[in-house]
Amino acid sequence: MSVNVMPVKVLFVCLGNICRSPTAHGIFETMVAEAGLQERIIVDSAGTGDWHIGKAPDERASAAALSRNHDLSHLRARQVRPEDFLEFDYLLAMDNQNLWDLQALSLPEFNGHLGLFLDFGRSDIKEVPDPYAGGKEDFEFVLDLVEEAASGLLSHLRDRLS
Ligand code: 4NP
């Protein structure tokens with residue numbers, strides 16, 4: 001008898017959806033595919049703001065990611081929508097402001113996990129700093145934090161799926 005298992009759906013959220021959350025989206029999507037779990041873990045990202053809807057990731061984020069072999073070129077920004085609380089099991093915020101904004105948008109029916117992405121990492125740092133007004137080293141730091149937490153998130157989801 002075949003069992004139809006619903007996939008786990010993960011949404012990464014930042015402010016603009018052009019720097020931090022697409023970086024997490026691209027990196028985690030690749031990790032999921034490399035683990036052969038692409039049918040079981042669905043990945044997306046969104047921003048709480050609307051300024052960059054439809055845009056590709058910031059060139060600096062894309063270049064930094066590509067230097068570590070992560071391709072973000074297929075991603076386009078979108079804004080968080082109420083239905084996300086019905087569709088996704090994990091809404092993972094990059095910083096506390098993103099988390100507070102999501103808490104304000106949440107629906108009573110939501111029974112998933114809403115929290116900080118870096119809670120899945122081992123670092124004492126719990127927020128991914130906004131690199132938008134920063135330099136190359138800030139985008140590198142985003143990658144360091146995202147790679148580490150993505151690995152923790154994958155372990156967590158493997159346990160949940162097994
Ligand atoms: P993100 O970075 O939230 O990591 O995508 C930002 C991108 C754009 C702006 C702020 C942060 N903005 O003010 O336009």
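## Close-up views of helix α2 and the ligand site

**View 1. The buried alanines of helix α2.** Ala61, Ala64 and Ala65 are buried in helix α2, which runs over residues 59-66. These alanines sit on the same side of α2 because they cover an arc of only 100° around the axis. Please keep in mind that this is a predicted model.

**View 2. The two sides of α2 and its neighbours.** Turn to the other side of α2 and you meet Glu59 and Leu66, which are exposed. The buried residues of α2, for their part, pack against α1 (20-34) and α5 (136-161).

**View 3. The N-terminal end of α2.** Here Asp58 acts as the cap of the helix. One of its side-chain oxygens lies 2.8 Å from the backbone nitrogen of Arg60.

**View 4. The residues around the ligand.** Now for the ligand, which has a stretch from the chain around it: Cys14, Leu15, Gly16, Asn17, Ile18, Cys19 and Arg20 are among the surrounding residues. His52, Asp130 and Tyr132 also belong to this shell. Sorted by class, the shell holds five nonpolar, three polar and two charged residues.

**View 5. Backbone contacts to ligand oxygen.** A backbone N or O atom of Leu15 lies 2.9 Å from an oxygen atom of the ligand. For Asn17, the distance from a polar backbone atom to a ligand oxygen is 3.2 Å. Cys19 likewise places a polar backbone atom 2.9 Å from an oxygen atom of the ligand. On its own the ligand has 360 Å² of accessible area, and the protein covers 88% of it.

Terms used. Residues are numbered from 1 along each chain as its sequence is written. This is a predicted model: local features need pLDDT of at least 70, side-chain atom pairs count only at pLDDT 80 or more; totals for chains, interfaces and linings use all residues. Side-chain values use heavy atoms; hydrogens and water are left out. Buried means under 20% relative accessible area, exposed over 50%, partly exposed in between (1.4 Å probe, protein chains only). Helices (H or I, at least four residues) and strands (E, at least two) are DSSP runs, numbered from the N terminus. The arc is that of the directions from the helix axis to the C-beta atoms. Contact means heavy atoms within 4.5 Å. A polar contact is a pair of N or O atoms within 3.5 Å; within protein, one must be able to donate a hydrogen and the other to accept it, and residues adjacent in sequence count only if both atoms are side-chain atoms. A residue is near a molecule or strand if one of its heavy atoms lies within 4 Å of it. Accessible areas come from the Shrake-Rupley method with a 1.4 Å probe; for residues, only the protein chains shown count as cover. Ala, Val, Leu, Ile, Met, Phe, Trp, Tyr, Cys and Pro count as nonpolar, Asp, Glu, Lys and Arg as charged, and the others, Gly among them, as polar.
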